[in-house]
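New here? Take a look at the model below, and then we'll talk through some of the words people use for it.

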Amino acid sequence: MIYPSRIKGQEYPLSKGDIVVCITEHFSEFTCGKQYTLYSDFGPGNGSGLLAITSDLGNHPLPAYYSPTGYYFLPLHIWRELKINKVLGNE
């Protein structure tokens, strides 16, 4: 789990067409490690931190981007950076 104190969601604005990666196994309709494309903009002005992505089942359940205890999804470029740092031992 990635904690909000380590990565701030507000620092990474998401727009329609951006890709996020699921990093939790707590959602039954989403696969951990799988990429999802936003079909609508995300940001403080559009609601309560819910992601407009289509689930593995073809539904639109609007999962939370993060919670007080950690993130459920990360922008693709952040996820890649974390994976590269892990391989290089720069965690």
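What follows is a short round of questions and answers about this predicted model.

Q: Why is Cys22 called buried or exposed, whichever applies?
A: Buried means under 20% relative accessible area. Cys22 has a value of 1%, so it counts as buried.

Q: And what makes Cys32 buried, exposed or partly exposed?
A: The partly exposed class runs between 20% and 50%. Cys32 comes out at 39% relative accessibility, so partly exposed is the label.

Q: How do you know how many disulfides there are?
A: A disulfide needs two cysteine sulfur atoms within 2.5 Å. For Cys22, the nearest cysteine sulfur is that of Cys32, and it is 5.4 Å away. That is beyond the cut-off, so Cys22 is in no disulfide. Cys32 is in no disulfide either, and the count comes to zero.

Q: What makes β2 and β5 edge strands?
A: The open sheet has three strands in the order β2-β1-β5, with antiparallel pairing. β2 (35–37) and β5 (73–75) each have a single partner strand, so one side of each has no neighbour in the sheet. On average, neighbouring strands here are turned by 35° against each other, direction ignored.

Q: How do you know that β1 and β5 pair?
A: Pairing takes at least two bridges. β1 (residues 19–22) and β5 have three, in the antiparallel sense, so they qualify. Val20 stands opposite Pro75 in β5.

Q: Where does α1 lie?
A: Helix α1 (residues 76–88) lies across β1, β2 and β5, at about 95° to β5. Just after α1, Gly89 takes a positive phi of about 80°.

How values were computed: Residues are numbered from 1 along each chain as its sequence is written. This is a predicted model: local features need pLDDT of at least 70, side-chain atom pairs count only at pLDDT 80 or more; totals for chains, interfaces and linings use all residues. Side-chain values use heavy atoms; hydrogens and water are left out. Helices (H or I, at least four residues) and strands (E, at least two) are DSSP runs, numbered from the N terminus. The expected span of a helix is 1.5 Å times one less than its number of residues. Axes are lines fitted to C-alpha atoms, for helices over the stretch in contact, and angles run from 0 to 180 degrees between N-to-C directions. Contact means heavy atoms within 4.5 Å. Buried means under 20% relative accessible area, exposed over 50%, partly exposed in between (1.4 Å probe, protein chains only).
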